[in-house]
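This briefing is meant to be read with the sequence and the coordinates side by side. Overall dimensions come first, followed by a sheet and two individual residues.

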Amino acid sequence: MSRLILASMSLGILASSYAIAADDPQITVSKAKDNIYMLQGPGGNIGLLASETGLLLVDDKYAPLAEKIERAMKSVTDQKLKYVVNTHYHGDHTGSNEYFADHAPIFAHENVRKRLDNNDKVAKAALPVVTYDKGINIYLDDEHIQLSHLPHGHTDSDTIVYFQKSNVLHTGDLFFEVGFPYIDLDGGGSVAGYLANVNYMIKQFPDDVVIIPGHGKLTNKEGLKAFATMLEYSIERVSKAKADGMSEAQILEMGIGKKYEGLSWSFINEEKWLKTLVKGL
Ligand SMILES: [Zn+2]
């Protein structure tokens, strides 16, 4: 992993964002492949294409981090920001929209704009200005960036971003490398749809694709397959329990089982994951 870290002494960027105190969050920069980078810190992972003719940013974390994100981008190259993409509407992926909207147009699925527009706490200036239904292509320098909307999964506004030339995929929150996934059932998400979308990505992209997940570390097709296996196992276990007439309390008592109980993390623990499955299946 250390070879992936782009050291930047001047910014004090450390190898692991998790080691840093929450009151002074930092942004770390890792190389995904070629001129594509992953920026980490609190909130969703950022994808950065640093081409000779400008930058493309995939997601932008929380508002207070905007200037740190910008400094991290500048540590890679001095090129100007050309485009911003939102993978979905959640605040840990769109929080710095207002800041970056001053520099570049924001692209997103039309439901990102709708959902942010319906949120009184979000400034109008933070709304995506180019929206699409199925997807859109962006061309920057010699890279072809495919934005594809996948149906109801993490939310109803999900986009996956594929850098065709470099063979790098940003999955948004359709992949939590860090543990159990968050499925936003109130935001148009679907448990069955989530698994279908993960299986679609496994089928659609080359075996040697480099994957930037929504949360967690840089990974690959094997990591995504293991995630799909966990989803399938979880869905089967809870579906069967429900068919057997078990109540939510009984399913929580039963638990997810030894194999996967270690996948609890700060935001989605075993109980929250099981409750999502009970409600969503
Ligand atoms: Zn999310």
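How many Å apart are the mean positions of the positive and negative charges of the protein? In this predicted model, the mean positions of the 28 positive and 36 negative charges are 2 Å apart.

**Overall dimensions and surface**

- The protein has 8 helices and 13 strands, and its C-alpha trace spans about 60 × 40 × 40 Å along the principal axes.
- A compact globule of 281 residues would have a radius of gyration near 19 Å, and because the protein has 19 Å, the value agrees with that expectation.
- Of the 281 residues, 54% count as buried, while the protein exposes about 12,600 Å², of which carbon and sulfur atoms supply 50%.
- When contacts between residues at least 6 apart in sequence are considered, 60% of them join residues at least 24 apart.

**The six-stranded sheet**

- Strands 8 to 13 form an open sheet of 6 strands in the order 8-9-10-11-12-13, and the pairing within this sheet is mixed.
- Strand 8 (135-140) and strand 13 (219-220) stand at the edges with a single partner strand each, so one side of each is left without a neighbour in the sheet.
- Strand 9 (residues 143-149) pairs with strand 10 (residues 159-163) in the antiparallel sense, over 5 bridges; within this pairing, Q146 has Y162 in strand 10 as its bridge partner.

**F175, a loop residue**

- F175 is found in the loop between strand 11 (168-170) and helix 5 (191-204), and F175 counts as buried because its relative accessible area is 1%, which is under the 20% cut-off.
- Not counting residues up to four places away in sequence, F175 touches Y194, I211, P213, G214, H215, T219, G223, L224 and F227.
- The C-alpha atoms of F175 and K225 are separated by 10 Å, although these two residues are 50 residues apart along the chain.

**A228, a helix residue**

- A228 lies in helix 6 (residues 221-243), and with 4% relative accessibility A228 likewise counts as buried.
- Leaving aside neighbours within four places in sequence, A228 is in contact with L195, V198, N199 and I202.
- For one of these partners, I202, the C-alpha atom is separated from that of A228 by 8.8 Å, with the two residues 26 residues apart along the chain.

Terms used: Residues numbered from 1 in each chain as written. Predicted model: local features only at pLDDT ≥ 70, side-chain atom pairs only at ≥ 80, totals over all residues. Heavy atoms only, no water. Pairing = 2+ DSSP bridges. Helix = DSSP H or I, 4+ residues; strand = E, 2+ residues; numbered from the N terminus. Rg over C-alpha atoms; globule rule 2.2 N^0.38 Å. Buried < 20%, exposed > 50% of the residue type's maximum accessible area, 1.4 Å probe, protein only. Contact = heavy atoms within 4.5 Å. Areas by Shrake-Rupley, 256 points an atom, 1.4 Å probe, with all protein chains shown as cover. Lys, Arg positive; Asp, Glu negative; His and termini not counted. Charge placed at Lys NZ, Arg CZ, Asp CG, Glu CD.
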